[in-house]
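Work through the exercises below with the model open. Each task comes with a stepwise solution.

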Amino acid sequence: MELTLLWAALTGVGLAWAGTRIWPDRLPARPVDHIVTAILVGLLAGRVAAMLSQGANPLSNPLDVVVVRGGVHTGAAVIGGITAYLWSVSGRIDHLDAVAPAALLGLAGWHAGCVWRSACLGSISDLPWAWGLSPGAPTRHPVELYAAVAYVLAAWTVSKLPWRPLLKSGAALGAAALIRLLTEPMRPSLDGGPIRWYLAALALGTAALLIGGRLRRRITTPT
């Protein structure tokens, strides 16, 4: 793993840790351990899925599994990470809801880690805050920093939601997918990015959010 990628990952974990300190309510004991476990399992699942989709055999090429820059399958990584977190907290939905703001803050850290990787820039822009890769080069959107700011705002918003099953986690999943959808057009990509996975996550997050809202009405409406 390149050191710049490691620093970006540590930035994400560091901000996730900060999120557990800012919003500690209902978190399990040693929440960062659960978060790191989910991240590692998610990366492993996403990397293996990416290798399989590229026609590479993880069993015959085990060292390639750790070459994260070779590609990580977005959908498999998210499914693996959420599944691992739920397994580590014994399936407690309230713990999943509790970690949602910290998880969004961790994503903000990962995207802000583009500074370490020199990978913040996207499509060409002449806005005052755009900058170029080198003097005289075309200026570009700092799209990863846009995403980082959006994730911080999403984390704060989710933290303010009431405690209802799936409400915070659904909102977090939907917000994360929406942020990626809105910023994806500004990212350099040959295939446009995994838009279908973002749409699926947005739909799933919205459904969970609606279920949580419905549960809220049922709980608060007098019988």
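## Exercise 1: a salt bridge and its exposure

Arginine 92 is partly exposed, with a relative accessible area of 39%. Buried means under 20% relative accessible area, exposed over 50%, and partly exposed in between (1.4 Å probe, protein chains only). This is a predicted model: local features need pLDDT of at least 70, side-chain atom pairs count only at pLDDT 80 or more, and totals for chains, interfaces and linings use all residues. Residues are numbered from 1 along each chain as its sequence is written, and side-chain values use heavy atoms, with hydrogens and water left out.

Task: find the salt-bridge partner of arginine 92 and classify that partner's exposure.

Solution.
1. Apply the criterion: a side-chain nitrogen of Lys or Arg within 4 Å of a carboxyl oxygen of Asp or Glu.
2. The side chain of arginine 92 meets that of aspartate 94, at 2.7 Å from N to O.
3. Aspartate 94 has 26% relative accessibility, so it counts as partly exposed.

## Exercise 2: a network

Task: trace the salt bridges of glutamate 184 with arginine 180 and arginine 187, then state which residues join into one network.

Solution.
1. Arginine 180 bridges to glutamate 184, with the closest N and O atoms 3.3 Å apart.
2. Arginine 187 also pairs with glutamate 184, at 3.5 Å from N to O.
3. Check burial. Glutamate 184 has 6% relative accessibility, so it counts as buried. Arginine 187 is buried too.
4. Shared partners join Glu144, Arg180, Glu184 and Arg187 into one network.
5. The count for the model comes to five salt bridges.

## Exercise 3: the fold as a whole

Task: describe the secondary structure, dimensions and contacts of the chain.

Solution.
1. Count elements as DSSP runs (helices: H or I, at least four residues; strands: E, at least two), numbered from the N terminus. The chain has eight helices and zero strands.
2. Take the extents. The C-alpha trace spans about 65 × 50 × 30 Å along its principal axes.
3. Test the radius of gyration, taken over C-alpha atoms, against the globule rule of 2.2 Å times the number of residues to the power 0.38. For 223 residues, a compact globule would have a value near 17 Å; the chain has 18 Å, which agrees.
4. Look at contacts (heavy atoms within 4.5 Å). Among those with a separation of 6 or more, 65% join residues 24 or more positions apart.
5. Finish with burial: 39% of the 223 residues count as buried.
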